[in-house]
Amino acid sequence: MIYLDNSATTKPYKEVLDSYQTVAMDFFGNPSSVHGLGGEAELILKKAKSQIKTMLNTEHDIIFTSGGTESNNLAIKGIAHELRDRGNHIITTTVEHPSVLEVCRHLEQNGFSVTYLPVNENGKITVDQVNAAIQKDTILVSVMHVNNEIGAIQPIEEIADLLISHPRIRFHTDHVQGLGKINLPYNHGGIDAITISGHKIHGLKGTGCLLKKKNLVLQTLSHGGSQEFGYRAGTENVAGAVSLAKAIRYAVEEQKNYQHLAKLKDLLIEELLTYGRIHINSDEDCADHIINFSITGVKPEVMIHAFEEKDVILSTKSACSSKNEDASYVLLACGRDDDVASSAIRLSMDVNQDRQDIVEFNKVLKDVMEQYKDVMG
Ligand SMILES: Cc1ncc(COP(=O)(O)O)c(C=O)c1O
């Protein structure tokens, strides 16, 4: 099988799973308990945090969560509600993941006002757009690092530089698709909160964290115990935290292999360009691991199953929205027509992917295009 759906999820590394199992069995105490077993578990949890801080080279606090969705909710709602007395305006983009967009829509229903910055044809915004959107009552900017559908990379560092001179505005970035692939200055003074998800980097589903600047105060979403600085009540998932630290270690180490994906992307694009029916939606500035293209004239689900029959796994749009047949809102936001936006296929690579995988993919593509040429008309 050639698995090319790594932006939906990755296969956990055995070492990550082993670390989970060891901690779950050997250190099962509750970190809040006063006895020795509890103390051991607490120590392990602290160690996982300090390892993540060292690996990412950041002083930020780490709040363990269940993944990207929860981290985005905690950051955006937590900041918005905490700073409500100061203002109620939020800036984001039209191409964020639903775990940001739906949170913003929810906040709009609760009295906040949100500016959704439009993107250019490549899915990108500029720092000037952010600057122009800032109002007296702006409290939060939330812009994703790497887009999950097309791989567009947003100018996070430039936005952070800009926001340094607006100390009343908080800046959150969703780094779920960037970790282990594209550098992010984790310690930049202009970035207040960063979302990370474990299962996109060969970690376990249900693991993730929010990095947050020490002085950033959030309003908590879950009330109860005082775990995780009081921001996430409930007994900590110590084994999950350790497994996340392990997955982050691999992601950081393996980023040095990322460069070779550029060559694989070239090989792929070269082949895609030979078909008149195929429209490429990820430009050359996009991250190399995500390539989005549309095969117009055939439903993308039909194509996905045709590839699957030949042991190649791809996806339509993103996993969160691929079961509804509507056009991709990301591609519509990039100005694509309905036809292109509703026939998108996403191929997402892992850093360990090799040339042979793409050579094989290109052969299968040829077969599938041949098989469906009459249907396409
Ligand atoms: C950019 C982005 N943000 C957030 C998420 C949500 O992450 P999780 O599945 O860990 O909740 C995803 C998942 O697809 C994503 O791609």
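Thr65 stands opposite Gly208 in strand β8, in a model that is predicted. The pairing behind this contact joins strand β2 (residues 61-65) to β8 in the antiparallel sense, over five bridges. Strand β7 (residues 193-197) also runs antiparallel to β8, again with five bridges. Here Ile194 has Leu211 of β8 as its bridge partner.

Strand β8 itself spans residues 208-212, and five of its five residues are buried. In a regular strand, side chains alternate between the two faces of the sheet. In β8, Gly208, Leu210 and Lys212 lie on one side, Cys209 and Leu211 on the other, and both faces are covered.

**Cavities**

Rolling a probe the size of a water molecule over the atoms shows where empty space is left. A search of the whole structure finds two cavities of 30 Å³ or more.

| Cavity | Volume | Lining by class |
|---|---|---|
| Largest | about 90 Å³ | six nonpolar, three polar, four charged |
| Second largest | about 40 Å³ | one nonpolar, five polar, three charged |

The largest cavity is lined by 13 residues, and those nearest its centre are Lys181, His202, Ala251, Glu254 and Val351.

Where does the second largest cavity lie with respect to domain 1 and domain 2? Domain 1 (2-8 + 256-376) and domain 2 (14-254) both contribute residues to the lining, so the second largest cavity lies between them. Its lining consists of Asn6, Ser7, Thr10, Gln177, Lys181, Lys200, His289, Met349 and Asp350. Lys181 is thus named in the lining of the largest cavity and in that of the second largest cavity.

Notes: Residues numbered from 1 in each chain as written. Predicted model: local features only at pLDDT ≥ 70, side-chain atom pairs only at ≥ 80, totals over all residues. Heavy atoms only, no water. 1 Å grid on protein atoms, 1.4 Å probe; cavity = no way out; pocket = protein on both sides within 12 Å on 5 of 7 lines; lining within 4 Å. Points joined across faces, edges and corners; volume = space filled by probe spheres on them. Nonpolar A, V, L, I, M, F, W, Y, C, P; charged D, E, K, R; others polar. Domains from an automatic or database assignment. Buried < 20%, exposed > 50% of the residue type's maximum accessible area, 1.4 Å probe, protein only. Helix = DSSP H or I, 4+ residues; strand = E, 2+ residues; numbered from the N terminus. Pairing = 2+ DSSP bridges.
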